[in-house]
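Visitor: Hi, could you walk me through this one? Please show it first.

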Amino acid sequence: MIKTVYARIKQGYRTAHYPVKSDVLPGRFLGRPYILSENCRENCGKCREVCPTGAISGDRQRLSLDMGKCIFCGACQRACGSNAIVFTREYQLAKRKKSDLIIKGKTVYEQAAVGKIAANIFRRSLKLRQVSAGGCNACEMDINVLNTISYDLGRFGVQFVASPRHADGLVVTGPVTKNMRLALLKTYKALPPPKLVIAVGACAISGGPYINHEEAFNGVDSIIPVDIYIPGCPPHPLTILDGFLTSIGRQK
């Protein structure tokens with residue numbers, strides 16, 4: 001017991017600060033992309049060809065990237081020889097409107113004002129129920145990381161609960177397979193109003209790598225309404241945390 005206490009004292013304070021600076025993120029982390037159309041001189045289309053989910057569209061003058069479809073693999077950035085697409089280290093990616101996930105140039109869309117009900121009721125205490133709707137478990141693992149000592153999700157007043165009847169919001173991962181559709185609907189209906197729905201990851205937003213698959217739906221909002229979209233494949237735990245706080249108007 002004494003050795004354990006000594007080890008903890010030696011380790012010191014382990015919980016990360018929030019928000020954090022970009023140098024805390026892993027070296028290979030890819031965050032919010034920028035589209036620099038002026039650098040696209042050849043209009044070769046290589047970026048569109050290598051994108052596995054069809055997230056890139058348009059020509060040289062109207063090039064755009066949909067973060068809702070993007071799996072942040074960086075293939076487009078590597079294929080482009082003129083730096084027309086650049087991934088930054090910005091981890092705060094959550095949006096309330098799906099259309100705001102589409103990147104054109106360097107424009108950063110401002111967040112819509114959080115609803116008064118959400119701000120007043122959930123701001124200090126948000127209980128969430130998570131549903132894995134057919135995903136690969138990568139998003140689920142990064143969500144679970146938030147409950148560790150490193151992130152300490154509970155310090156923000158956000159906690160996961162065992163029953164949807166005790167929850168204020170629903171966190172959904174995965175593309176929503178046909179086998180999970182009914183379970184998702186039942187869970188959503190069991191949440192008492194007012195309620196929030198948060199879609200985490202490319203699969204939950206647009207279908208991700210499973211887009212247009214005959215056994216899956218193209219995202220959560222094809223089944224139930226979504227209030228917050230958190231892009232990534234999987235999103236970094238800090239990106240997910242930002243999305244949770246965005247849903248109740250607490251970005252910091």
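Guide: Let us start with strand β8 (residues 169-173), which runs parallel to strand β9 (residues 196-200) and is joined to it by five bridges; strands, like helices, are DSSP runs numbered from the N terminus, with E and at least two residues for a strand, and H or I and at least four for a helix. This is a predicted model, in which local features need pLDDT of at least 70 and side-chain atom pairs pLDDT 80 or more, while totals for chains, interfaces and linings use all residues. Residues are numbered from 1 along each chain as its sequence is written, and side-chain values use heavy atoms, leaving out hydrogens and water.

Visitor: Which residue does V172 stand opposite in β9?

Guide: V172 stands opposite A199.

Visitor: And what order do the strands of the open sheet have?

Guide: The five strands run β7-β6-β8-β9-β10 with parallel pairing, where two strands pair if DSSP finds at least two bridges between them. Because β7 (158-160) and β10 (228-230) are at the edges with a single partner strand each, one side of each has no neighbour in the sheet.

Visitor: New topic: where is V176, and is it buried or exposed?

Guide: V176 lies in the loop between β8 and α6, and its relative accessible area of 0% makes it buried (under 20% is buried, over 50% exposed, partly exposed in between, with a 1.4 Å probe and protein chains only). Its phi is near 65°, a positive value in a residue other than glycine.

Visitor: Which peptide bonds are cis?

Guide: Among them are the bond joining Y18 and P19, with omega about -5°, and the bond from P193 to P194, with omega near -5°.
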